[in-house]
Amino acid sequence: MKTNRMILFLALALLAALLSACGGSPVATTWPGLAASEQTAYLANGSVVLAIRLSDGEELWSFPENPGAKLIFYSNPVFTSDGQLLVGSSGADHTLFRLDPETGNETWSFSGADNHWVASPLVVGEIVYAPNTDGTLYIFDMSIEEADKLTGTVELGGRFWAQPATDGTLLFLTSLDHKVFAVDPQKKTIVWEVELDGAIAGSPLAADGKLYVGSFGTTLEAIDIATHKIVWTAPTEGWLWGGPVLDGGTLYFGDLDGNFYAINSADGKPAADSTKPDGAILAAPLFLDGQVIFVTENGTVYSLTLGEDPHSMEKLDGKLYTAPVTAGNLILIAPFQGEFLLVALDMDGKEEWHYPMEQK
Amino acid sequence: MSPWDIFVSIFVNTLLWIYNLIGQNFGVAIILFTILIKVLTWPLNASQLKSAKAMQDMQNDKDWQAIQKKYAKDKEKLAQEQMRVYKEKGINPFSSCLPTLIQLPVIFALYQSITRSLASTPLALLQLTRSIGSFLDVSALIPLNSRFLWMDLGLPEGILIPGMNISFLPNGIPSLAIIVALTTYIQTKLTTPPTANPNDQSAAMSKMMSVYMPLLLGWFALTFPSGLAVYFITSNLLGIAQYAMMGRANWRGLLPGGNKPAAAK
């Protein structure tokens, strides 16, 4: 009888283990977030946030000291005005942390949100605007000495996955629930909202009195900030995930079907023919020294000069979903499910160093 | 895409098709999808129940008890004799567990389809977009409305009571986990026929199941997205209804000592 009981117990334990393993439970299940200061790269990767020295790719610290399943990090970390690091957890414990960039020690935290932190906060001076997937925009004043730095909230509804943008007056937020919000940060009220045809996973871009937003509705829209009317719509072949970047009146962005576009910000007409390199483009591009750097799901880093074909700078192992980041004379790439967690390239695309998959 | 991914994709598409059909309520979609699965696996469940009953009856059979006594010290011979009796009575000893084994992948796929549909991480959303058929207007469907009654189906459930802060229950009172454990217990008890044989191994196993299963599924409901708990509760209630409709529910099993057969008059 004892044997039977043991067999039954083991069978149920196996069932539990299988269900846990098969189910996409909240353990490191998505691509990493990346940010960099002048000397250090910060990688939000699953159960840890890593600080990696830019000069040689050595690990400086890892947070938390004892990683567990409750804290999951994958949003891009951001810096406060005094250089502290802000990063939120998407695990069962959804705390927003402020870390000392030198040591990785926690200097402040906020645990009052009801859901995950997927969007990176926007820092404007001492004020931090942090949208959560619970549908609330949390506003903190980092100049307040006390632990309670929350100065207000704006209940918007919807799920926020993208970092907000600002034109200096209003705050713009995009939600998976197809909505674009303009919020008055002083009054903490919604000024207007516009509904688009698809979910919006990428950040909006505010420039020249317009807000540029890409969505799963296979369009990039330009919304007049003053009138909140859609000024023009640029159709795309695939869904738009990452937001666009703007340079000299040209908007650059890619889609999930692998097309890369350059369009005029004034009228939404093509500034050059779209190109289709080698895989889905999720990450927002990076503008660098007159060139646009973008990455594809197939692991290729491309550079593009307007009007020319994209140039393959480097092919890496893994899928490139995280937006590339520049720091000093390096381009930082964080592959997902690849040989390395972080790769530093020089401006010609030659590898300077890499940080291995296995954490040191 | 691996064969398993294709299998899960079929579930995801069916679930989302129902979700779209009924006006985008994911909780109701899970309930209807569970009913659909139960209807499709009804013959399997019925045959499992029939076989389990036959095996149970066998424990009280005089021939069976005689060979247990006779070959108690010769395991090999006992096994041979048991197989002979099974053959004579037309019972397949594996037919009671085979339906359960067949249903296991269905449970895994259903669980994955619920978590995949809710797409709570960027990677999950990317995978979802690639597993939905063209017959669905994906851009209009995403994101799924995960609110159902008081729950977010993508998160573990709990009812927060103001002023009540229990450190090991950060989500509040896990009402769904309690209902899951309770309905699992009731279902197990109802399906355990009374037995008079103190050496009845299958009855002892059933007794153990009635303790382990509610705890296991209750723990799943406590820690996994509440959409899974909705599935468990619906499935348990349908299971109870099925046993009752087949006239095999042992209602006395719910009472303390109710699994002993009624005394002969």
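Which residue takes a positive phi in the hairpin of β2(A) and β3(A)? That is a pleasant place to start reading this predicted model, and the points below work outward from there.

1. **The β2-β3 hairpin.** The residue is Gly46(A), with a positive phi near 70°. Its hairpin leaves 2 residues between the strands. The two strands, β2(A) and β3(A), run antiparallel and are joined by 6 bridges. If you would like a register check, take Tyr42(A), whose bridge partner in β3(A) is Ala51(A).

2. **The β1-β2 hairpin.** On its other side in sequence, β2(A) is tied to β1(A). These strands also make a hairpin, here with 3 residues between them, and they pair in the antiparallel sense over 4 bridges. Ala36(A) faces Ala41(A) of β2(A) across this pairing. As for cover, 5 of the 6 residues of β2(A) are buried, and the strand is thus described as mostly covered.

3. **Domains of chain A.** Three domains are assigned in chain A: domain 1 (28-161), domain 2 (171-276) and domain 3 (281-360). The centres of domain 1 of chain A and domain 3 of chain A, taken over C-alpha atoms, lie 23 Å apart. Their contact draws 18 residues from domain 1 of chain A and 17 residues from domain 3 of chain A.

4. **The domain 1 side of that contact.** The strands from the opening points come back here. On the side of domain 1 of chain A that touches domain 3 of chain A, the elements giving two or more residues are β1 (33-36), β2 (40-45), β3 (48-53) and β4 (59-63) of chain A. The largest share, 4 residues, comes from β1(A). By residue class, this side of domain 1 of chain A divides into 11 nonpolar, 4 polar and 3 charged residues.

5. **Leu332(A), worth a click.** Is Leu332(A) buried or exposed? It counts as buried because it has 25 C-beta neighbours inside 10 Å, where 20 or more are needed. Leu332(A) lies in strand β30 (residues 330-333) of chain A. Leaving out residues up to four places away in sequence, Leu332(A) touches Leu34(A), Ala36(A), Ala41(A), Pro324(A), Val325(A), Ala327(A), Leu342(A) and Ala344(A). Ala36(A) and Ala41(A), both in that list, are the pair that stand opposite each other in the β1-β2 hairpin. Along the chain, Leu332(A) and Ala36(A) are 296 residues apart, yet 8.5 Å separates their C-alpha atoms.

6. **The β5 to β8 sheet.** Chain A also has an open sheet of 4 strands in the order β5-β6-β7-β8, paired antiparallel. Its edge strands are β5 (78-79) and β8 (106-110) of chain A, each of which pairs on one side only. Inside the sheet, strand β6 (residues 85-88) of chain A and strand β7 (residues 96-99) of chain A run antiparallel and are joined by 4 bridges. For one of the matched positions, look at Gly88(A), whose bridge partner in β7(A) is Leu96(A).

7. **The β9 to β12 sheet.** Another open sheet of 4 strands has the order β9-β10-β11-β12 (chain A), again with antiparallel pairing. Which strands stand at its edges? They are β9 (122-124) and β12 (150-155) of chain A; each has a single partner strand, so one side of each is left without a neighbour in the sheet. Neighbouring strands of this sheet are turned by 20° against each other on average, direction ignored. The partner of β9(A) is strand β10 (residues 127-131) of chain A, joined to it antiparallel by 3 bridges, and Leu122(A) stands opposite Tyr129(A) in β10(A).

8. **Chain B.** Turning to the partner chain, the secondary structure of chain B comes to 11 helices and 2 strands. Read from the N terminus, its elements run α-α-α-α-α-α-α-α-β-β-α-α-α. Of the 265 residues of chain B, 34% count as buried. Among contacts in chain B with a separation of 6 or more, 73% are between residues 24 or more positions apart.

9. **Helix α2 of chain B.** How far should the 15 residues of helix α2 (residues 26-40) of chain B span? At 1.5 Å a residue the expected figure is 21 Å, and the end C-alpha atoms are 21 Å apart, which agrees. The buried residues of α2(B) are Phe26(B), Ala29(B), Ile30(B), Ile31(B), Phe33(B), Thr34(B) and Ile37(B). An α-helix has 3.6 residues a turn, so residues three or four places apart point the same way.

Definitions and conventions:
Residues numbered from 1 in each chain as written. Chains lettered and ligands numbered in written order. Predicted model: local features only at pLDDT ≥ 70, side-chain atom pairs only at ≥ 80, totals over all residues. Domains from an automatic or database assignment. Contact = placed C-beta atoms within 7 Å. Nonpolar A, V, L, I, M, F, W, Y, C, P; charged D, E, K, R; others polar. Pairing = 2+ DSSP bridges. Axes fitted to C-alpha atoms, helices over the stretch in contact; angles between N-to-C directions. Buried ≥ 20, exposed ≤ 12 C-beta atoms within 10 Å, placed from the backbone. Expected span 1.5 Å × (residues − 1).
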